[in-house]
Amino acid sequence: MTTKDIGPKNPLQKGTEDAIDYVDERSGVKTGTRWFLFRNIPEGTSWFQTLGFTAMVVFGMQAITGIILAMYYVPDTEGGAYKSIEYITNEVTWGWLVRGMHKWGASVMIIVVFLHMARVFIWGAYKYPRELTWVTGAFLLLLTMFMGLTGYLLVWDQKAYWATVVAVNIFASAPILGPYIGDILRAGPEFGPATLSRFYSIHMLVIPGAIATFIGLHLYFIVRLGISEPPWSKRRLRIERDEEDARREAARERAKALPGAVNYPSTWPVEAKESAR
Amino acid sequence: MKPADKKAYDKDYAQAKKTGKPFFPYAIFKDTIVAGLVVVATIILAITVRVEVGEPVNPSTTDFVPRPEWYFYFAFELLKIFANQNALTPVIMATFMVPNILIILLVIWPFIDRGPERRIWKRPFAMGMIVLVTGFLCYTTYLGANSPGGVGSGGLPLTGLDEAGTAGMAVYMANGCASCHMVAGVGAPGPGPDLTNFGSKGWDTAKQVAWLKAPNAPMPSYASLPPAELESLANFVNGLGTKYK
Ligand code: HEM
């Protein structure tokens with residue numbers, strides 16, 4: 001540690017510092033954290049660039065509320081699923097709030113992810129070198145929508161049941177692979193108890209795992225490549241103005257070098273220059 | 001982008017980074033504020049607009065619509081656009097071609113739009129795309145939000161209903177056919193075709209039962225209905241427009 005020793009250290013503080021140093025020596029967390037937090041980002045970074053982080057936080061909120069819901073939810077088609085949802089909504093302390101946050105959070109996440117994508121698109125932030133950041137993001141969008149699709153069935157009410165029957169039929173109607181995809185989603189040729197457990201595990205384990213993985217990749221690209229600068233940041237506008245000036249200047253120079261051009265003293269009135277040409 | 005453009009970008013970005021500021025605390029500060037506001041907004045929504053528990057899954061209730069979450073309305077509307085068309089634009093367009101083309105476009109977009117220009121007003125093609133796609137999504141979501149809701153248990157305005165016809169109509173209403181098919185102006189205008197004059201096709205009972213057991217997607221299979229109900233339903237549908245008008 002760089003702090004100067006003035007007298008014996010508080011043993012607790014010394015112990016903590018030693019422990020951190022011990023872990024850092026082996027894992028590099030301190031260096032890594034410093035590298036992550038104190039990397040430079042362009043000066044003009046805007047409020048619109050907070051939407052990706054917001055999507056991440058909403059995903060975290062969905063994970064937490066989802067884990068709480070999973071403590072009470074029963075994937076049972078014989079009324080158990082429906083009753084457990086009723087129980088969460090009406091009996092469990094704060095259950096209605098957790099369910100409400102999870103349900104609204106799904107819509108909020110879709111909206112935030114779309115807005116984030118719109119900002120990336122409008123800024124051309126997917127261009128070199130960030131093409132693969134966009135590709136991982138596109139998969140995140142699809143996975144987020146799949147999350148909504150699979151979660152919808154879990155309440156096992158009429159509306160959700162039939163909407164999901166239709167949605168699965170849509171997948172099953174695809175040529176060649178369709179029937180297999182349909183069987184995989186339904187866990188057989190018919191909608192039934194196995195379908196619900198399958199949707200439950202896809203919604204709780206498969207997609208969240210995939211989203212976490214893709215967020216990891218997405219972040220790796222972002223940190224490695226740096227967050228892009230707004231195409232109309234003050235710095236960019238200044239450079240563009242300078243370039244424009246330089247271009248004009250060059251054009252003027254070229255005009256002067258043309259045969260027949262006369263070098264007039266700059267004090268001459270403009271009209272005189274024009275008529276003399 | 002040409003190698004020279006890439007080099008110019010790298011150089012420019014390095015410059016921006018050099019004259020920039022650290023991620024912590026500047027970016028983190030803004031991020032936390034926006035994310036915090038969004039989480040608070042979600043909690044407020046959850047408190048003010050309570051989620052309900054819908055009807056339990058039960059084939060004998062009469063009014064339900066296969067309605068997806070609002071962010072899938074566009075897909076259902078797409079189905080309706082293609083459902084009542086001829087053989088040239090079959091349902092496969094809506095269920096397979098269009099969505100997959102959109103998804104592929106989404107994934108490979110950075111490899112299509114590769115020019116060095118980043119200012120949106122100098123990228124008319126990209127600008128056109130975003131206006132088109134946003135407009136389409138907003139419009140179809142709006143249509144989905146305003147499509148007819150539950151059909152109710154009132155039955156269909158048909159004449160000539162005998163005892164068998166009434167029984168068949170009850171099965172029809174109980175199984176959500178009306179949420180995809182229209183008969184005599186009652187029911188959703190899609191994704192299934194209008195069945196008002198279906199009888200004129202002259203299907204027999206066996207053909208209709210076979211269809212109901214194994215229809216084309218996205219229509220669900222009704223193979224799990226009791227055989228008596230299936231038969232009664234088949235006779236009812238086959239009589240639409242001829243016996244029952
Ligand atoms: C679960 C969904 C997503 C999460 C959690 C997420 C997260 C993030 C974060 C934290 C950033 C840093 C900059 C910022 O906040 O704007 C970012 C940047 C980026 N995202 Fe996403 N994102 C998601 C979805 C998407 C989607 C759907 C796309 C596009 C198809 C996308 C494409 C990009 C690109 C190209 C960047 C780099 C932009 C730049 O450097 O200016 N992301 N993302």
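Trainee: What are Glu229(A) and Arg235(A) called, buried or exposed?

Mentor: Glu229(A) is buried, and Arg235(A) is buried too. Buried means under 20% relative accessible area, exposed means over 50%, and partly exposed is in between (1.4 Å probe, protein chains only).

Trainee: What kind of model is this, and how are its parts labelled?

Mentor: The model is predicted: local features need pLDDT of at least 70, side-chain atom pairs count only at pLDDT 80 or more, and totals for chains, interfaces and linings use all residues. Residues are numbered from 1 along each chain as its sequence is written, chains are lettered from A and ligands numbered from 1 in the order in which they are written, and side-chain values use heavy atoms, with hydrogens and water left out.

Trainee: What makes the contact of Glu229(A) and Arg235(A) a salt bridge?

Mentor: Side chains of opposite charge can pair when their charged atoms come close. A salt bridge needs a side-chain nitrogen of Lys or Arg within 4 Å of a carboxyl oxygen of Asp or Glu. Here the closest N and O atoms are 2.8 Å apart. That value is within the limit, so the pair counts.

Trainee: Which other residues share a salt-bridge network with Glu229(A) and Arg235(A)?

Mentor: Arg236(A), Glu240(A), Asp12(B), Glu117(B) and Arg119(B) are linked with them. Within that network, Glu240(A) and Arg119(B) meet at 3.0 Å, N to O. Glu240(A) lies in helix H10 of chain A, and Arg119(B) lies in the loop between helix H4 (91–112) and helix H5 (124–145) of chain B, so this pair joins two chains. Both residues are buried. Helices here are DSSP runs of H or I with at least four residues, strands are runs of E with at least two, and both are numbered from the N terminus.

Trainee: How many salt bridges are there over all chains?

Mentor: The search finds 17. One of them pairs Lys103(A) with Glu69(B), with the closest N and O atoms 3.8 Å apart. Lys103(A) sits in helix H5 (residues 95–122) of chain A and Glu69(B) in the loop between helix H2 (23–48) and helix H3 (73–83) of chain B, so two chains are joined.

Trainee: Why does Lys103(A) count as partly exposed?

Mentor: Its relative accessibility is 32%. That falls between the two cut-offs, so the label is partly exposed. Glu69(B) has 14%, which makes it buried.

Trainee: Why is H10(A) called oblique to H1(B)?

Mentor: Two packed helices are described by the angle between their axes and the distance between the axes. The axes of helix H10 (residues 234–257) of chain A and helix H1 (residues 3–18) of chain B come within 11 Å and cross at roughly 130°. That angle makes H10(A) oblique to H1(B). Angles under 35 degrees count as roughly parallel, over 145 as roughly antiparallel, 65 to 115 as roughly perpendicular, and the rest as oblique. Axes are lines fitted to C-alpha atoms, for helices over the stretch in contact, and angles run from 0 to 180 degrees between N-to-C directions.

Trainee: What makes the surface group around Tyr72(A) a nonpolar patch?

Mentor: The members are Ile64(A), Ile67(A), Ile68(A), Met71(A), Tyr72(A) and Tyr87(A). A patch takes residues with over 30% relative accessible area and no salt bridge; nonpolar side chains (Val, Leu, Ile, Met, Phe, Trp, Tyr) are joined within 5 Å, like charges within 9 Å. Tyr72(A) has 34%, so it passes the area cut-off and counts as partly exposed. Together the six expose about 610 Å², an area from the Shrake-Rupley method with a 1.4 Å probe, where only the protein chains shown count as cover. Helix H3 (residues 51–70) of chain A gives the most, with three residues.

Trainee: What makes Trp94(A) and Ala187(A) worth a look?

Mentor: Most residues other than glycine have a negative phi, and most peptide bonds are trans. Trp94(A) has a positive phi, near 60°, and Ala187(A) has one of about 60°. Trp94(A) lies in the loop between H4 and H5 of chain A. At 56% it is over the upper cut-off, so it counts as exposed. Ala187(A) has 26%, so it is partly exposed.

Trainee: Which peptide bond in chain B is cis?

Mentor: The one joining Phe24(B) and Pro25(B), with omega about 5°. Pro25(B) is in helix H2 of chain B. In chain A, the bond from Tyr128(A) to Pro129(A) is cis, with omega near 0°.
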